[in-house]
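Work through these exercises with the model in view. Try each task before you read its solution.

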Amino acid sequence: MVARSPIRARGPVGREHGWEVSTTARKGGLELCDLTPYSKVLVRAGVLSKAAEVLGCALGLARRAPDGTLVAGTGPGEWLLVSGAGTWPALADEIGGGDPTALTTVVDVTHGGFLIRLSGADSRRVLEKICAIDLSDGVTPDGAVFRSSVARIVCDVIRDDDGGVRSYLLHGDRSAGQYLFDAVLDAGSEFSIGISGYREKEA
Amino acid sequence: MWRNFELEKSYDVVIIGAGVHGLATAYYLAANHGISKVAVVDKGYVGGGGSGRNTAILRSNYLTPEGVRFYDRSVQLYRTLAADLNFNVMFAPRGHLTLAHNDSSLRTMRWRAEVNKLQGVDSEVITPEEIKRLVPFMDVSDDTRYPIIGALYHPPGGIIRHDAVNWGYARAGDRLGVQIHQNTEVTGIRTEKGRVSGVSTNRGEIGAPIVLNCTAGWASLVSAMAGVKLPIITHPLQAAVTEPVKMFLDAVVVSGSLHVYVSQTDRGELVFGASTDPYASYSMRGSLEFTEELASHVLELMPSIAKMRVLRQWAGLCDITPDFSPIMGITEVEGFLVDVGWGTYGFKAGPAAAEAMAELVATGRTPQLIAAFDLARFAEGRLASERGAAAVGH
Amino acid sequence: MIRIPCPNCGPRNSSEFSYFGELGSRPAPDAVDPAHWRHYLYDKKNPAGWTTEKWYHASGCRKFFAIERNTLTNDVKSGRPFGVESSSEESS
Ligand SMILES: Cc1cc2nc3c(=O)[nH]c(=O)nc-3n(C[C@H](O)[C@H](O)[C@H](O)COP(=O)(O)OP(=O)(O)OC[C@H]3O[C@@H](n4cnc5c(N)ncnc54)[C@H](O)[C@@H]3O)c2cc1C
Ligand SMILES: [Zn+2]
């Protein structure tokens, strides 16, 4: 059994945690990378619940938990947890317990969505072509999260700079993955965008 | 073309709205029934509403038998209209194609074709090869995003010069004694004991035992003056034309799935339309997203026109009903009649609706042709759904 | 493109939303006769001017909310989540 991203792997192909991934070398500069194998967990809970407190992240913001999990406030009472492929975020276990009357759901959506990373100094200019949100540092600084239409696909967008380099994670429904990947490449062609192979969690 | 008059104290009939419906009703009242003490009042100018803003498509290939019979009567009247009014209305029955891009629309088209044939209306489902013969510039290949798998072909459909129709009816009505009052806004409707007695306007009071509401996009506001509620929501509808080029497109082409339709005028301009703006509004401002979307969809159908330039775009107001059928006839206020709910498809209906409304005014009886389109159908749960035939193709 | 102020996400292009029309109060289905129910379903005020209406943020927070919009100018005022009353809302 092998798991596949909705985005066709380009270049040489290898296996990581049961997923078929591209092993193309990292390109550097403006690059687009398919990170779909990362673990993605969707949490829904009351905004004032114990779970919300543990997650510690308001709507529109992201933070990193001690184990490296990225916690993003993607909607009112809705969070996306992203951690390395084959892992399960420790936070997801912490929020379930406690109050049995609280309506909290924790769902593994790893295989239901795509996750891609667009990074490089020009990533803002690429994204601006296909998304109407203000991407200036004043409005969406590092750690900002929003859900909006990107190339007409509904995406969770997380500004998650990578060692001082501007970077965006885009997460959305699996069926739109290949289309969105191609749309971002198309938008980035005038800035010499390149594809980078899969890499393990940076953190 | 027509004369200006001082407002008189009273008329036998006051018609609100100088679009094709109001003007044609006045004309048929005088021509068919000898009732010529009629005033048509409009807050703006003749044809300033939808009647001067539409894309002038005529057809009768609707979905319900009532709808098909009704619209077919209108196409018949349009055929001889130039002679009847002694005014060239430039009707060009060039054929009308509604494209299917999926099985469900093809199914609705087969259904429509059968209903049409039963009512004696020329209508059939044709293949992509036959479409290509009619419209050589169309991309009927399999490698488009939404391949074309067939079409409903309706040879009697076509286009007309909308201004000429409005002016022709206005001029012919004027010759028979009808008075057209432009810049005359109705601000109130007077009733006494459940019966209409006249209207108030910015130019003064007018008495009338019969008042007819023909105000399309503004119909809810005018009916509310008489205390009559309507199941209508006003949505803007936009259209655009390109620069003129040599004739290359004969038929009218509609694609419901792509939300677009196109025809070429006798002057050579391509006329484009789409579905209504997605929210209710009385604003007639055009929008950039309309043109962008339109262009992307039109180019799916005809990639070769990519270099053509859009000359102008505009919007008009459409009075949308829950079942995409009009509302014609009496209301709970005696003497207050409506001919509204014309949505995105009412220009083609002008002659038949007006002929029937004139008969209703003259005889006091609702003609069979429009009986299914009464206002009471909503409260009584007898909708006449034309959604499948009128939501995009106007 | 007009912008709709989502109470959760802030102002966004109207293309991100679905429009659900005038806000009216739904009668209890078992307490009204069919004619009244149809009146609720079909008859609209369709006002020219300020009105309160329901929108759904399909491409964003996926929540329903109410805004006030002027149908003559398309100007909009504050959005508010459902259940929060506004002074200008009429009961009908
Ligand atoms: C872009 C566009 C494309 C269309 N394409 C087609 C098509 O291809 N085929 C088709 O059949 N139909 C089409 N339609 C629909 C068609 O234009 C209308 O249904 C039809 O013109 C309605 O005619 P009418 O006479 O009822 O109203 P209108 O022509 O709209 O006239 C109503 C009049 O009422 C007046 N009025 C309003 N309030 C008052 C008041 N208080 N006092 C006095 N006067 C008042 C207005 O000034 C206006 O002149 C289209 C519409 C648009 C906007
Ligand atoms: Zn929102």
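**Exercise 1.** Leaving aside its neighbours within four places in sequence, which residues is B:Val165 in contact with?

*Solution.* This is a predicted model: local features need pLDDT of at least 70, side-chain atom pairs count only at pLDDT 80 or more, and totals for chains, interfaces and linings use all residues. Residues are numbered from 1 along each chain as its sequence is written, chains are lettered from A and ligands numbered from 1 in the order written, and side-chain values use heavy atoms, without hydrogens and water.

Contact means heavy atoms within 4.5 Å. The partners of B:Val165 are B:Val20, B:Tyr78, B:Leu81, B:Val89, B:Ile160 and B:Phe347.

**Exercise 2.** Place the largest nonpolar core.

*Solution.* Start with the term. A nonpolar core is a set of buried Ala, Val, Leu, Ile, Met, Phe, Trp, Tyr and Cys residues joined through side-chain atoms within 4.5 Å. Buried means under 20% relative accessible area (1.4 Å probe, protein chains only).

Next, the size: the largest core has 65 residues. B:Val165, B:Ile15 and B:Phe70 are among those with the most contacts inside it.

Last, the place. This core lies between domain 1 (13–55 + 162–230 + 323–389) and domain 2 (92–156 + 233–320) of chain B, because both give residues to it. The domain bounds come from an automatic or database domain assignment.

**Exercise 3.** Find backbone atoms that lie by an oxygen atom of ligand 1.

*Solution.* Polar contacts here are pairs of N or O atoms within 3.5 Å. A backbone N or O atom of B:Gly50 lies 2.7 Å from a ligand 1 oxygen. For B:Lys348 the distance is 2.8 Å. For B:Tyr345 it is 3.0 Å.

Notes: Buried < 20%, exposed > 50% of the residue type's maximum accessible area, 1.4 Å probe, protein only. Polar contact = N/O pair within 3.5 Å; in protein donor to acceptor, adjacent residues only side chain to side chain.
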